[in-house]
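Subject: Structure for you to look at

Hello,

Here is the structure I promised. Please open it next to this email and follow along.

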Amino acid sequence: MSSRFDELRVFTGNGNPQLANEISRHLNIPMGDVTIKTFPNDNIFVRLNESVREKDVFVIQSLGLPLSNNIMELLIMLDTCRRSSAGRVTAVIPYYAYGRTDKRDQPRVPITARLLADMIQVAGAERIITIDLHAGQIQGFFSIPVDELSAMSLLVRDFAARNWDDAVVVSPDLGFAKRARNFAEQLGTPLAIVEKRRIQQLDRDKSLSRVEALSLIGDVEGRRCILVDDEILTGGSIIEAADLLMAKGAREVYAAVVHAVLAGNAIERLKSSAICELVTTDTLYRPDNNPEWEGLRVLSIAQLLAEVIQRIHSGISVGSIFMHRNLLWGKHS
Ligand code: R5P
């Protein structure tokens with residue numbers, strides 16, 4: 001298919017090179033040649049070892065750990081591409097960080113998700129491709145086109161193939177209930193919701209303290225529960241929710257989560273939790289950073305991202321692939 005740009009090129013930072021290499025394999029083009037070095041003073045140096053003049057450049061960088069380093073690498077790579085006369089620069093950010101800092105919900109706090117969007121645009125991105133933002137409204141922090149894809153249907157299909165007749169989808173909090181309901185509808189199961197509430201109680205010394213109370217809306221007794229969330233960080237929320245489900249008589253508990261940040265000893269905690277399997281995607285997952293756990297199943301979004309990149313390069317609709325295949329819940333044009 002023809003494109004208004006000479007050539008499609010993809011480059012990756014150190015955010016998730018395995019995923020980026022898979023994407024370039026699906027695109028059938030070699031990964032762009034770039035040198036990224038960190039000096040002893042932590043300054044990052046980037047040099048493109050090939051010309052990008054008038055080319056359609058996609059910079060792939062997931063914003064997992066080490067976060068600040070990955071952000072700086074992305075910004076510097078975007079700046080490098082723009083200053084090297086790329087025809088167009090697209091930032092492919094499979095996991096967008098700071099998504100939870102998207103509003104001023106207490107005095108004297110920042111909106112870091114917006115700050116990050118501003119920095120990415122100032123650095124030179126002319127469009128964004130991302131997957132399952134923590135809140136869809138973050139799209140509006142950008143004044144450039146954002147193709148937000150969803151990997152939820154990949155997770156749905158994985159569970160649908162198991163043909164369980166006793167499954168129930170569970171949202172781990174009220175905030176995720178709408179997306180969990182979509183998941184349950186696609187899978188054809190009922191929905192339950194864990195309600196997490198902060199309550200105040202008097203301590204022994206009569207001082208007030210806040211504790212979290214979990215309650216369940218819906219019925220899970222004797223059922224296989226699928227806890228669905230957009231991200232898992234320490235695992236705390238999902239492990240607590242799983243304990244509640246088991247206490248309410250669930251048969252087994254599974255988790256389906258798009259972004260596996262898995263900070264600190266999250267895998268160790270999950271291994272010894274009530275969750276028998278975590279199904280996730282490779283937006284962040286780096287096998288070299290995570291210890292083995294046979295309950296971890298990682299689905300790749302590389303083919304999907306490659307197809308979207310190819311379509312954007314060729315100037316054809318991204319939305320139509322989702323409509324035809326009912327593949328993902330897209331929010332794009
Ligand atoms: C919260 O709103 C998110 O959807 C996740 O539930 C949260 O980020 C998970 O964090 P953790 O794994 O540390 O409990």
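Below is what I found, going from the whole chain down to single residues.

**Overall**

Please keep in mind that this is a predicted model. The protein has 333 residues, and 53% of them count as buried. There are 9 helices and 14 strands. The radius of gyration is 21 Å, which agrees with the value near 20 Å for a compact globule with 333 residues. Along the principal axes, the C-alpha atoms fill a box of roughly 65 × 50 × 35 Å.

**Strand E6 and its neighbours**

Start with strand E6, residues 127–131. It is mostly covered, with 5 of its 5 residues buried. Both faces are covered. Arg127, Ile129 and Ile131 are buried on one side, and Ile128 and Thr130 are buried on the other.

E6 pairs with strand E5, residues 88–93, in the parallel sense over 4 bridges. In that pairing, Val92 stands opposite Ile129. From E5 the chain passes through helix H3, residues 112–123, before it reaches E6. This β-α-β crossover is right-handed.

E6 also pairs with strand E7, residues 146–149. This pairing is parallel too, over 4 bridges. Here Ile129 stands opposite Asp147. Ile129 is a handy residue to click on: Val92 of E5 stands opposite Ile129, and so does Asp147 of E7.

**Aromatic pairs**

The structure holds 5 aromatic pairs. One of them is Tyr96 with Phe142, and this pair is edge-to-face. Their centres are 5.8 Å apart, with 65° between the planes. Tyr96 sits in the loop between E5 and H3, and Phe142 in the loop between E6 and E7. The pair links distant parts of the chain, 46 residues apart. Both residues are buried.

Another pair is Trp164 with Tyr254. The ring centres are 4.7 Å apart and the planes are at 50°, so this pair is tilted. Trp164 lies in the loop between helix H4 (152–160) and strand E8 (167–171), while Tyr254 lies in strand E12. The two are 90 residues apart in sequence, so the pair ties those parts together. Tyr254 is buried, at 9% relative accessible area.

Phe159 belongs here as well. Ring pairs link Phe159, Trp164 and Tyr254 into a cluster. In addition, the charged end of Arg162 sits over the ring of Phe159, 4.4 Å from its centre.

**Helix H5**

Helix H5 covers residues 177–187. Ala177, Ala180, Phe183, Ala184 and Leu187 are buried in it. Seen down the axis, the buried residues fall within an arc of 115°, so they line one face of the helix. What does the face turned away from the buried side carry? It carries the exposed residues Lys178 and Glu185. Just after H5 comes Gly188, with a positive phi of about 75°.

**Backbone points to check**

Which residues does a cis peptide bond join? They are Leu65 and Pro66, with omega at about -5°. Pro66 lies in the loop between strand E4 (56–60) and helix H2 (67–83).

Two residues other than glycine have a positive phi, as described here:

- Ser85 has a phi of about 65°. It is found in the loop between H2 and E5. Ser85 counts as partly exposed, at 26% relative accessibility.
- Leu262 has a phi near 50°. It is found in the loop between strand E12 (252–260) and helix H7 (266–271). Leu262 is buried, because its relative accessible area is 6% and the cut-off for buried is under 20%.

E12 thus comes up twice in this email: Tyr254 lies in E12, and the loop with Leu262 lies between E12 and H7.

**Where to start**

If you have little time, begin with these three places:

1. Ile129 in E6, with Asp147 of E7 opposite.
2. The cluster of Phe159, Trp164 and Tyr254.
3. The cis peptide bond between Leu65 and Pro66.

Best wishes

Note on methods
Residues are numbered from 1 along each chain as its sequence is written. This is a predicted model: local features need pLDDT of at least 70, side-chain atom pairs count only at pLDDT 80 or more; totals for chains, interfaces and linings use all residues. Side-chain values use heavy atoms; hydrogens and water are left out. Buried means under 20% relative accessible area, exposed over 50%, partly exposed in between (1.4 Å probe, protein chains only). Two strands pair if DSSP finds at least two bridges between them. A crossover is right-handed if, with the strands pointing away from the viewer, the path from the first strand over the helix to the second runs clockwise. Rings of Phe, Tyr and Trp (its six-membered ring) pair if their centres lie within 6.5 Å; planes under 30 degrees apart count as stacked, over 60 as edge-to-face and the rest as tilted. A charge sits over a ring if NZ of Lys or CZ of Arg is within 6 Å of the ring centre and within 35 degrees of the ring normal. The arc is that of the directions from the helix axis to the C-beta atoms. The radius of gyration is taken over C-alpha atoms; the globule rule is 2.2 Å times the number of residues to the power 0.38.
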